[in-house]
Amino acid sequence: MPMQTSRCLVPVAVLLASTITLAADHTESPAATADRPADIGDIFFFDPADTDNRLVAMITYGGGSDTNDQMDADFYCDRDVLYSFYIDRDDNGDGADSVEADVRIDIRMAEQEDGSCTVRLDNVPGAGDDFSGSVAGDNRIFQSASGLNAFVGSTDDPFFFDSQGFGETLSSGTVSFDNTRDTFGGRNLSAIAFEIDTAALGDGQTVFKAWATTARIVE
């Protein structure tokens, strides 16, 4: 079945002992933002402080094309969009400058007649044979066969950016950012977040490169 790839994010290094690592992809062309379910916003990878041996991966999508616009409140569950995460183990002998995926995680969704959304994640390290569930309303969390958690639904945009401060900095030459101004605060978009078993992923490694793509299935 043919696939039409929509977006690929720049690889980011992830250090498991660090805080949040992210890559951003905002303000797209009209053609990209017209396909909201396939329009990537950001990816995040972080080590949760309250859980040992787990890494959280997250992709956001379906936001507005302009930071001045109110982002969509709807959650997009599109059976014809494939969401993929790629992870490159940086210490596996393929060279520090190499970007070649060692792990590919695929995510598919399908809206059901009752309005719920069935979600399946394939090849999540440490997830076991089955990592799927149905989300609807306030019920947005499900678990893999091995106990890893996933969240799929609408959420406040976690990306922080002071666009006013950015503009003032460019025009004045003086750094004018204000950490109390969040251009994306209170704006909803769709999100997929899931846990990865770091032992199954890294085998003792602590540094990775990661990126994500979306692809629309076309007839």
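This is a guided tour of a predicted model, arranged as a series of selections to make in the viewer.

**The nonpolar core**

Begin with F85, M109 and F194. Within the largest nonpolar core, which has 37 residues, these three touch the most other members. To see the strands around them, display β4 (40–46), β5 (54–61), β6 (81–89), β7 (103–111), β8 (117–122), β11 (149–156), β12 (188–197) and β13 (207–217); each of these elements gives two or more residues to the core.

Next, centre the view on M109. Setting aside residues up to four places away in sequence, M109 touches a run of residues from F75 to R79, namely F75, Y76, C77, D78 and R79. The other residues that M109 touches are Y61, Y83, C117, T118, V119, V152 and I192.

A second core, separate from the one above, has 5 residues, among them F44, F159, A191 and A193.

**Strand β5 and its partners**

Select β5 and show its surface accessibility. This strand is mostly covered, with 7 of its 8 residues buried. Which strands does β5 pair with in antiparallel fashion? One is β4, joined to β5 by 5 bridges; another is β12, joined to β5 by 8 bridges. For a single example of each pairing, pick F46, whose bridge partner in β5 is V56, and then L55, whose bridge partner in β12 is I196.

**T214 in strand β13**

Move to T214, which is found in strand β13. Is T214 buried or exposed? Its relative accessible area is 0%, so T214 is buried. Draw a distance from the side chain of T214 to the backbone oxygen of A38: the value is 2.6 Å.

**D162 and the start of helix α2**

Now select D162, in the loop between β11 and α2. D162 has a relative accessible area of 4% and is therefore buried. What does D162 do at helix α2 (residues 163–172)? D162 caps the N-terminal end of the helix, with a side-chain oxygen 3.3 Å from the backbone nitrogen of Q164.

The side chain of D162 also has a polar atom 2.9 Å from the backbone nitrogen of D178. Apart from neighbours within four places in sequence, the contacts of D162 are S176, F177, D178, R181 and T183. For a C-alpha distance, pick D162 and T180: the two are 18 residues apart in sequence and 8.4 Å apart in space. Then follow α2 to the residue just after it, G173, which takes a positive phi of about 80°.

**Salt bridges**

Side chains of opposite charge can pair when their charged atoms come close. The model has 7 salt bridges.

Select R104 and D106, which form one of them, with 2.8 Å between the closest N and O atoms. R104 is partly exposed, at a relative accessible area of 37%.

Finish at R120, partly exposed at 40% relative accessibility. The side chain of R120 meets that of D122 in a salt bridge of 2.8 Å, N to O, and D122 is partly exposed at 31%. R120 also meets D130 in a salt bridge, here at 3.9 Å, N to O. Why does this second pair tie together separate parts of the chain? D130 lies in the loop between β8 and β9 (132–135) while R120 is in strand β8, so the parts joined are 10 residues apart in sequence. D130 is partly exposed, at 34% relative accessibility. Display R120, D122 and D130 together, since salt bridges that share partners join them into one network.

Note on methods
Residues are numbered from 1 along each chain as its sequence is written. This is a predicted model: local features need pLDDT of at least 70, side-chain atom pairs count only at pLDDT 80 or more; totals for chains, interfaces and linings use all residues. Side-chain values use heavy atoms; hydrogens and water are left out. A nonpolar core is a set of buried Ala, Val, Leu, Ile, Met, Phe, Trp, Tyr and Cys residues joined through side-chain atoms within 4.5 Å. Buried means under 20% relative accessible area, exposed over 50%, partly exposed in between (1.4 Å probe, protein chains only). Helices (H or I, at least four residues) and strands (E, at least two) are DSSP runs, numbered from the N terminus. Contact means heavy atoms within 4.5 Å. A polar contact is a pair of N or O atoms within 3.5 Å; within protein, one must be able to donate a hydrogen and the other to accept it, and residues adjacent in sequence count only if both atoms are side-chain atoms. Two strands pair if DSSP finds at least two bridges between them. A salt bridge is a side-chain nitrogen of Lys or Arg within 4 Å of a carboxyl oxygen of Asp or Glu.
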